[in-house]
Amino acid sequence: MSIQEKREYMLSMIADWQQSGKSKKAYCFEKGINEAKFYYWISRIKESDKSAVGFLSIDKASKNSAIEIIYPNGVRIKVENDLGLLSQLIRLY
């Protein structure tokens with residue numbers, strides 16, 4: 001398995017755990033995952049996320065699409081492509 005494939009696998013497992021609403025311990029037990037390894041994966045993802053902080057360009061031309069922001073704590077905000085409203089919501093968090 002390549003490094004990229006491992007990273008994608010880790011991301012999918014972490015996303016699945018976050019969506020499950022279970023504790024890390026319960027999720028690992030249910031999936032048969034080594035708990036220490038799972039914690040390692042989470043720490044690696046957090047490290048790489050810190051370096052990915054920045055701005056994302058939003059294309060104003062696509063007025064029919066919605067924009068979804070997902071915060072690290074799992075909060076999701078989905079709004080129509082209204083940059084005024086979006087800028088107000090970003091300031092809230």
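**View 1. Lys-31, a partly exposed residue of helix H2 in the predicted model.** Lys-31 has a relative accessibility of 43%, and because this value lies between the limits of 20% for buried and 50% for exposed, the residue counts as partly exposed. The model shown here and in the other views is a predicted one. Lys-31 belongs to helix H2, which spans residues 24–31. Along the chain, Lys-31 and Trp-17 are 14 residues apart, and in space their C-alpha atoms are separated by 9.8 Å.

**View 2. The edge-to-face pair of Tyr-9 and Trp-41.** A pair of aromatic rings is described by the distance of the centres and the angle of the planes. Four aromatic pairs are found when the whole structure is searched. One of them joins Tyr-9 to Trp-41, with 5.7 Å from centre to centre and 80° between the planes, an edge-to-face arrangement. The pair links distant parts of the chain, since Tyr-9 sits in helix H1 (residues 3–20) and Trp-41 in helix H3 (residues 35–51), 32 residues apart. With regard to solvent, Tyr-9 counts as partly exposed at 39% relative accessibility, whereas Trp-41, at 11%, counts as buried.

**View 3. Phe-38 and Trp-41 within helix H3.** The ring centres of Phe-38 and Trp-41 are 6.3 Å apart and the planes meet at 65°, so this pair, too, is edge-to-face, the angle being over 60 degrees. Phe-38 and Trp-41 are three residues apart in helix H3, and therefore about one helical turn separates them. Both residues of the pair, Phe-38 and Trp-41, are buried.

**View 4. The aromatic cluster.** Tyr-9, Trp-17, Tyr-27, Phe-38 and Trp-41 form one aromatic cluster. Trp-17, a member of this cluster, is also the residue whose C-alpha atom lies 9.8 Å from that of Lys-31.

**View 5. The chain around these close-ups.** The chain has four helices and two strands, and its elements, read from the N terminus on, follow the order α-α-α-β-β-α. Of the 93 residues in the chain, 20% are buried, and Phe-38 and Trp-41 are among the buried ones. When contacts between residues at least 6 apart in sequence are considered, 22% of them join residues at least 24 apart. The accessible surface of the chain comes to about 7,600 Å², and carbon and sulfur atoms account for 55% of that area.

How values were computed: Residues numbered from 1 in each chain as written. Predicted model: local features only at pLDDT ≥ 70, side-chain atom pairs only at ≥ 80, totals over all residues. Heavy atoms only, no water. Buried < 20%, exposed > 50% of the residue type's maximum accessible area, 1.4 Å probe, protein only. Phe/Tyr/Trp six-rings, centres within 6.5 Å; stacked < 30°, edge-to-face > 60°. Contact = heavy atoms within 4.5 Å. Areas by Shrake-Rupley, 256 points an atom, 1.4 Å probe, with all protein chains shown as cover.
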